[in-house]
Amino acid sequence: MTHTIKDVAKLAGVAPSTVSRVIADSPKISAKTKARVKAVMAELGYHPNVHARNLVNKQTNVIGVIMPSVSYAPFQNPFFPEVLRGITAQANEDKYGLYLSTGQLESDIIEEVKEMVHSRRVDGMILLYSTTADPVIPFLLEENFPFVVIGRPPEQLEGVVSYVNNDNVKAAKMLTEYLLLLKHQRIGFIGGRKDAYVTLDHREGYCEALTSAGLEINEGDLVYHDEVFEGGEQAVIELMAQVTPPTAIIVADDLMALGVLRMLSSMGYQVPKDISVVSFNNVLMSELASPPLTTMDIQIYELGFKSAELLRKRIANPDLPMQAVKVGHRLVRRETSQAIERQ
């Protein structure tokens, strides 16, 4: 038998409106009355109709999570399950559900975002990517809809958009300087998608380190591919085909780095004896790689957790000032990097 709010009210000796206020945890109801009503609810096995309550409150208790388009194979990359784990951990604290959205094309993504906003299907959104020409951020700003970006927004929107990010320029500079300390002077750079701000920041840090060391930047040492296993394979073919190939390679992503390692092995190169390889992210597979991968830990879980925490605050108080939260990074040295004799 399904019980109603009226059944709870009758047995508890209160009005149905009082039961509603207990469910909403209203401060106007005494602790004694709350305890009595909750005891009756437990006795009857009564569960509130969340959807009906959300309609009254004009809230869904759902967060939209916007993934990159399927064409960039986000579900192949362990970065995304880990960042979702962080988002989920924070969302669960406030009993928020997640609505995961991605599209075959970027045009599909913006159309779904528009539908989510106009239908009020979610209370806010977290964008798991940030690119130079993406239309989602301008649309959400125009609609005054709560959202947070993992990554950084365009420079002109600093202070206008809330976001959670690493200092990717500093992280890439540190990784490059680490290889320079190992006496590498010809260092290849394998970036992700060219229009992603994380790629632009990685390139900037790489170039800053080389320039500070008095080394020229050889454009042939910089290649770009999608952050998938095959992208790493294709990129290393381009780099190693040069007359003077690099003695070390910085890779934008651990999954790409696995492709780099396999292709180098098939070419007859030994890592790190012949060439060093370093990467970003520090996902589990980087430790399980053969040899284990030197990588920059960017605290992916923390990126997700902090973004959901920031979004929750924005949903509760839309007038809060925009915030930029920086998450730290650390170098994890393993077996794919070693010093060489200066040439």
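These notebook entries record what I looked up about ring pairs and one buried serine in this structure.

Entry 1, the model. I began by noting that I am working with a predicted model, and that its residues are numbered from 1 along each chain as the sequence is written.

Entry 2, the ring pairs. I looked for pairs of aromatic rings and found that the structure holds four of them. In one of these, F79 and F80 sit edge-to-face, with 5.1 Å from centre to centre and 85° between the planes. I then checked burial for both partners: F79 has 13% relative accessibility and F80 has a relative accessible area of 10%, so each counts as buried, the limit being under 20%.

Entry 3, a pair between strands. I turned next to F189 and Y224, whose ring centres lie 6.1 Å apart with the planes at 70°; because that angle is over 60 degrees, the pair is edge-to-face. F189 belongs to strand 6 (residues 187-191) and Y224 to strand 7 (residues 222-224), and this pair links distant parts of the chain, 35 residues apart. I also noted that F189 is buried, with a relative accessible area of 2%. Ring pairs join F189 and Y224 with Y206 into a cluster.

Entry 4, a serine. Which strand holds S276? I found S276 in strand 9, which covers residues 276-281. Its relative accessible area is 0%, so S276 is buried. Leaving aside residues up to four places away in sequence, I listed what S276 touches: L179, H184, T247, A248, I249, T336, S337 and Q338.

Definitions and conventions
Predicted model: local features only at pLDDT ≥ 70, side-chain atom pairs only at ≥ 80, totals over all residues. Heavy atoms only, no water. Phe/Tyr/Trp six-rings, centres within 6.5 Å; stacked < 30°, edge-to-face > 60°. Buried < 20%, exposed > 50% of the residue type's maximum accessible area, 1.4 Å probe, protein only. Helix = DSSP H or I, 4+ residues; strand = E, 2+ residues; numbered from the N terminus. Contact = heavy atoms within 4.5 Å.
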